[in-house]
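Hi,

Here is the structure I promised to pass on. Have a look at it first, and then read on for my notes.

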Amino acid sequence: MARGSRLARLAALGLLGVLTLTGCSMPNNEFWRFGWPDGITEEATAMRELWTGSVIAALIVGILVWGLILYPVFAHRKKGDELPKQTAYNLPLEIVYTIAPFLIIAALFFYTVVVQNEVQERSDDPDQTIAVNAFKWNWQFVYPDTEGEDGEPVETVGTSEEIPILVLPTDQTIRFELASADVIHSFWVPEFLFKLDVIPGNENGRDNVFEVVVEEEGAYVGRCAELCGTYHAYMNFEVRAVSADDYDAYLAARESGLDTYQALEEIGQPGEATTTTPLNLRERAQQANGG
Ligand SMILES: [Cu+2]
């Protein structure tokens with residue numbers, strides 16, 4: 001009985017540790033990420049913290065279990081020919097190790113749902129809304145709240161010669177409204193640690209919408225993550241995350257008639273994509289043929 005309640009206390013302590021550890025913010029470095037990739041959005045941070053917390057919780061449980069295995073292995077080695085005291089049926093102990101896994105699962109489930117809701121959350125009034133149109137085989141990015149010289153919203157379209165650059169502001173809520181002109185594509189920015197299928201049509205109330213807050217300026221590659229046809233590999237794009245001021249300046253430059261390249265140069269950014277290049281099939285073929 002005494003041992004049973006001690007174990008129960010230990011289990012409760014472990015669970016408390018899990019709760020506290022997943023509750024506070026986690027250090028972000030190679031070690032504490034435990035192999036998790038480093039993202040650039042608030043949502044990615046929440047996912048990383050969930051991962052770090054889960055690994056720490058797993059390690060706590062693991063160390064407890066390893067200890068419970070190794071202790072009797074060494075403490076109860078054969079001491080003589082006399083048969084040790086035989087025991088069976090410790091009800092409190094059995095209740096503890098039946099309930100403990102459920103408590104662990106409940107804690108992991110709870111924090112997973114919290115983070116999932118945060119990742120999928122949609123604000124009532126996002127700071128920016130961007131329409132992303134996927135088509136065979138490239139992307140069009142439209143800024144619906146803007147008006148270019150031709151009276152149409154500012155947009156950037158990729159071609160086989162040009163990687164489309166999606167300019168985004170940091171520290172603002174950005175809503176992406178994805179649409180496909182033909183087949184299923186998938187909008188994927190690896191550094192967001194997030195991708196969303198772009199399914200044509202909005203039947204059954206389906207919509208392809210998500211939001212992020214980008215925390216770090218920089219250039220990040222984006223890809224189509226759904227094999228959508230022959231030239232699927234053409235569908236690379238680039239996210240260029242800039243400060244809010246630069247973002248406004250970029251849109252103003254676009255509204256005054258500059259193209260994507262010129263407007264980026266205008267705000268001191270490279271006009272062309274820096275993370276990926278257009279897929280040149282002829283060049284690839286020549287390389288494959290050794291010339
Ligand atoms: Cu695609």
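Below is what turned up, starting with the metal site and ending with some backbone details.

Please keep in mind that this is a predicted model.

The copper ion is a good place to begin. Its protein donors are ND1 of H185, SG of C224, SG of C228 and SD of M235, at 2.1 to 2.5 Å from the ion. The angles among the 4 donor atoms run from 91 to 125°, and the site is tetrahedral. If you want to find the donors in the sequence, look for the spacing H-x38-C-x3-C-x6-M. Two of these residues, C228 and M235, are buried.

Next, have a look at strand β8, which covers residues 208-213. How many of its residues are buried? The count is 6 of 6, so the strand is mostly covered, with buried meaning under 20% relative accessible area. In a regular strand, side chains alternate between the two faces of the sheet. In β8, N208, F210 and V212 point one way, while V209, E211 and V213 point the other way, and all of them are buried. Note that E211 is among these buried residues. The neighbour to check is β5 (residues 173-180), which runs antiparallel to β8 and is joined to it by 6 bridges. Within this pairing, I174 sits opposite V212.

There is also a pocket you may like to inspect. The second largest pocket holds about 230 Å³ of space. Its lining consists of 13 residues, and those nearest the centre are E161, E162, I163, E272 and A273. Sorted by class, the lining has 5 nonpolar, 4 polar and 4 charged residues.

Finally, three spots in the backbone deserve a look. The peptide bond between K136 and W137 is cis, with omega at about -5°. W137 belongs to the loop that links β1 (128-135) and β2 (138-143).

The other two spots are residues with positive phi that are not glycines. Y89 has a phi of about 55° and lies in the loop between α3 (42-75) and α4 (91-120). L193 also has a positive phi, near 55°, and is found in the loop between β6 (185-189) and β7 (194-198). Are these two residues buried or exposed? Y89 has a relative accessible area of 77%, so Y89 is exposed, the cut-off being over 50%. L193 is at 19% and counts as buried because that value falls under 20%.

Happy browsing, and do write back with any thoughts.

Best wishes

Terms used: Residues are numbered from 1 along each chain as its sequence is written. This is a predicted model: local features need pLDDT of at least 70, side-chain atom pairs count only at pLDDT 80 or more; totals for chains, interfaces and linings use all residues. Side-chain values use heavy atoms; hydrogens and water are left out. Helices (H or I, at least four residues) and strands (E, at least two) are DSSP runs, numbered from the N terminus. Buried means under 20% relative accessible area, exposed over 50%, partly exposed in between (1.4 Å probe, protein chains only). On a 1 Å grid over the protein atoms alone, a cavity is a set of points where a 1.4 Å probe fits but cannot get out, and a pocket is an open set with protein on both sides within 12 Å along at least five of seven lines; lining residues have an atom within 4 Å of a point. Grid points are joined across faces, edges and corners, and a volume is the space filled by probe spheres set on the points. Ala, Val, Leu, Ile, Met, Phe, Trp, Tyr, Cys and Pro count as nonpolar, Asp, Glu, Lys and Arg as charged, and the others, Gly among them, as polar. Two strands pair if DSSP finds at least two bridges between them. Donors are N, O and S atoms within 2.8 Å of the metal (3.2 Å for Na, K and Ca); water is not among the atoms, so sites may look incomplete. Four donors count as tetrahedral if all angles lie between 85 and 135 degrees; four count as square planar and six as octahedral if opposite donors are over 155 degrees apart and all others between 65 and 115; anything else is irregular.
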